[in-house]
Amino acid sequence: NMAAAGFDLLVYDKAGTAERAPDDAKPAVTLAELAANAETLFLSLPDGAATLAVAGELAAMKDRATTVVGDLSTIGPRAAKEVDGLLGKAGVTYVDAPVSGGQSGARAGTITVMWAGPKDVLDTHREVMESFSKNLFHVGPNPGQGQAMKLLNNFLSGTAMVATSEAMAFGLSQGLEMETMLDVVNVSTGRNSATSDKFPNRIATGTYDAGFKTTLLTKDISLFLENARAAGTPSAVAGTVADLWRRCDEAMPDSDFTRIYEFLSGREQDQ
């Protein structure tokens with residue numbers, strides 16, 4: 001979406017750049033080449049360890065044009081603060097800017113961005129951000145605040161998935177049709193992201209193709225639980241939800257996260 005909007009885009013992916021690069025983007029061969037030519041560098045990485053590794057490499061580079069790093073990853077508040085300290089000492093502004101909206105939102109350019117960092121840096125990057133985000137929020141000035149926002153969002157999303165899975169399994173046991181249950185719930189007080197999107201579009205269809213791995217959501221909810229406990233805020237529900245996702249991830253490795261319905265209902269054993 002950035003490339004399609006006409007921005008001068010240089011890209012690099014450790015897993016292979018040329019075959020993943022948009023048609024209008026220039027592939028880089030190494031991270032060093034990227035940092036030597038890009039003033040603003042956006043990261044989209046799987047976890048805090050990966051972001052810290054990249055930040056360490058960037059901080060050590062002498063031939064570096066990069067002055068701003070916008071991190072679209074979900075890594076947790078502690079890692080974000082650590083990366084901020086590492087890059088700050090090297091004279092690089094770090095922006096904690098995780099995203100939400102899933103694979104479909106990323107493709108459509110409608111994802112939510114939770115920007116935690118200097119407001120003036122957001123203002124100078126607003127045009128490029130709006131090329132792939134239709135919901136751009138400045139959630140605070142400090143790295144870590146974006147992560148807190150993302151973790152609480154994903155905790156709510158993950159909780160909606162497990163609660164809706166249990167509700168649908170109960171309704172089916174009583175002879176109700178899933179379509180009927182969803183029609184009723186979606187105009188009633190139980191409506192949530194699982195009932196309005198995941199169940200009608202990914203689960204009832206049997207496609208299980210939300211495009212987000214159980215492993216990643218398990219990581220996010222575990223991070224929420226860890227940080228809630230560290231903050232001393234209530235976490236009883238989070239403890240139960242995190243355990244359910246952990247067990248699902250162990251039982252169904254490499255699965256789409258919507259398959260937790262199969263795990264909780266036992267329907268995968270019936271197919």
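**Exercise 1. Describe how helix α9 packs against helix α10, giving angle, handedness and contact residues.**

Step 1. In this predicted model, in which local features need pLDDT of at least 70, side-chain atom pairs count only at pLDDT 80 or more, and totals for chains, interfaces and linings use all residues, helix α9 (residues 214–231) and α10 pack at an angle of about 155 degrees with their axes 9 Å apart. That angle makes α9 roughly antiparallel to α10, since angles over 145 degrees count as roughly antiparallel, those under 35 as roughly parallel, 65 to 115 as roughly perpendicular and the rest as oblique. Axes are lines fitted to C-alpha atoms, for helices over the stretch in contact, and angles run from 0 to 180 degrees between N-to-C directions; helices (H or I, at least four residues) and strands (E, at least two) are DSSP runs, numbered from the N terminus. Residues are numbered from 1 along each chain as its sequence is written, and side-chain values use heavy atoms, with hydrogens and water left out.

Step 2. The crossing of α9 and α10 is left-handed, a term used if the near helix is turned anticlockwise from the far one by less than a right angle, clockwise being right-handed.

Step 3. Contact means heavy atoms within 4.5 Å, and the residues of α9 that meet α10 include Leu217, Ile221, Phe224 and Leu225, while those on the α10 side include Val241, Ala242, Trp245 and Cys248. By class, this contact has 9 nonpolar, 4 polar and 3 charged residues, where Ala, Val, Leu, Ile, Met, Phe, Trp, Tyr, Cys and Pro count as nonpolar, Asp, Glu, Lys and Arg as charged, and the others, Gly among them, as polar.

**Exercise 2. Place tryptophan 245 in its aromatic surroundings and classify its ring pair with phenylalanine 257.**

Step 1. Tryptophan 245 is buried, with a relative accessible area of 0%, and phenylalanine 257 is also buried, at 5%; buried means under 20% relative accessible area, exposed over 50%, and partly exposed in between (1.4 Å probe, protein chains only).

Step 2. The two rings have their centres 6.3 Å apart and their planes at 40 degrees, so the pair is tilted. Rings of Phe, Tyr and Trp (its six-membered ring) pair if their centres lie within 6.5 Å, planes under 30 degrees apart counting as stacked, over 60 as edge-to-face and the rest as tilted.

Step 3. Tryptophan 245 lies in helix α10 (residues 236–251) and phenylalanine 257 in the loop between α10 and α11 (260–265), 12 residues apart. Ring pairs link Phe212, Trp245 and Phe257 into a cluster.

**Exercise 3. Determine how α6 is oriented relative to α8, and what surrounds serine 165 and methionine 178.**

Step 1. Helix α6 (residues 145–173) and helix α8 (residues 193–203) pack at about 65 degrees with their axes 9 Å apart, and are therefore roughly perpendicular to each other. The contact is made by residues including Ala160, Met161, Ser165 and Met168 of α6 and Ala194, Lys198, Phe199 and Ile203 of α8; the contact residues divide into 6 nonpolar, 5 polar and 1 charged.

Step 2. Serine 165 of helix α6 counts as buried at 1% relative accessibility. Leaving aside neighbours within four places in sequence, serine 165 is in contact with Phe199, Ile260, Tyr261 and Leu264.

Step 3. Methionine 178, in helix α7 (residues 178–185), is buried, with a relative accessible area of 13%. Not counting residues up to four places away in sequence, methionine 178 touches Met168, Leu172, Phe199, Ala204 and Tyr261.
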